[in-house]
Amino acid sequence: MRRSGRAEAARGNGAPRPDAGRLAEFGSALVAFLTALLLSLAVTLAVTGPAFAIEAERAFEDPALQKRYEDLNDELRCLVCQNQTIADSNAPLAQDLRREVREMMRAGRTDDDIRQFMTERYGDFVLYKPPMTARTYLLWSAPVILLLIALGSVAVIVLKRSRKPIEPDPEEAT
Amino acid sequence: MWRYLGPLIGVLALGAIFAVTLARIGTGELDVREIPSPLIGKPAPQFELPSVQDENERISTAALAGRPWVLNVWGTWCPGCRQEHDTLLRISSDSVVPIIGLNWKDERSLAMQWLTQLGNPYTKVAFDPEGDVAIDWGVYGSPETFLVSAEGIVIAKHIGPMTEQIWREKFLPLLAEKSGGGA
């Protein structure tokens, strides 16, 4: 940083900017970046938001039951096409699992009953939201840990850079 | 010095992990699609289904209790099942353990044709066109092969075509262990 400050001075760009200016510049760049990120996220969500239901016809007349059915299908993984839910997939197994969900709902079973039925057979992997267990706590806490590391790194870099130019520059002294 | 070496070592370490994992997938040692079965160590799900060959014959797990048996899930639409078929025939010729077939989401006529043309390695073949029993067993991709102990506990599962090696190294030792201890 000191070197670039000197170079600026040498090019005759006038007095070096105060540290506050540099911080503010960094801050506004960060804000612009985050805004862009949020905007693109919002656009993505707006486009993909409504679930693309693969089933043409409704399973239940009652809208509340239909909603429950769709929500359940949305959180169960299709095990053949592993990056899709059974709501997204038309693989034969996904069809069978949807039928199973329908039948269990008609038999009056609760959502938890159905989730338990699935995990007893296919393991936690069938759930798109894995439960918090000793094996998955790292998975769940990873986003927070990574965010803290990133924020920490940014803070360290910003502090280092903002502190450095305070040292008196021999060229500036003249 | 460390300023440059640090990140370099980091990248190399990540690359090494990446390469080793890819190599393990390449040799088949690691199967990223394989889902560990929650069924291992649990009682085998019970079923009673009609036989593929005879609609009136019922095949039930209750009749198999008291000795170890193998469940092999297959369908004529499944390429891996064709691939493992000769191995199953070989294994069944040893008659160490009965192999029960579970014909999954298939058509009866096609299944019969398959067994006539390619040979029948199964002691009995149960017919599950709806796939209900397959769901109870947590089947998600055939072929899948389960080993059930004499006590009716699922003690092993193999996903994908059965091979001589897997039979010898994974299934037979478990079988010997169980029958040796029980008898």
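This report describes the fold of chain B and some features of its backbone.

The structure is a predicted model, in which local features need pLDDT of at least 70 and side-chain atom pairs count only at pLDDT 80 or more, whereas totals for chains, interfaces and linings use all residues. Residues are numbered from 1 along each chain as its sequence is written, chains are lettered from A and ligands numbered from 1 in the order in which they are written, and side-chain values use heavy atoms, with hydrogens and water left out.

Chain B contains five helices and seven strands; helices (H or I, at least four residues) and strands (E, at least two) are DSSP runs, numbered from the N terminus. Their order from the N terminus is α-β-β-β-α-β-α-β-α-β-β-α.

Chain B has 183 residues, of which 41% are buried, that is, under 20% relative accessible area with a 1.4 Å probe and protein chains only; exposed means over 50%, and partly exposed lies in between. Of the contacts (heavy atoms within 4.5 Å) in chain B with a separation of 6 or more, 69% join residues 24 or more positions apart.

Two residues that are not glycines have a positive phi.

| Residue | Phi | Loop in chain B | Relative accessibility |
|---|---|---|---|
| B:Ser95 | about 40° | between α2 (79-93) and β4 (99-104) | 59%, exposed |
| B:Lys105 | about 50° | between β4 and α3 (108-118) | 23%, partly exposed |

A further backbone feature is the cis peptide bond from B:Ser142 to B:Pro143, with omega near -5°. B:Pro143 lies in the loop between α4 (132-136) and β6 (144-148) of chain B.
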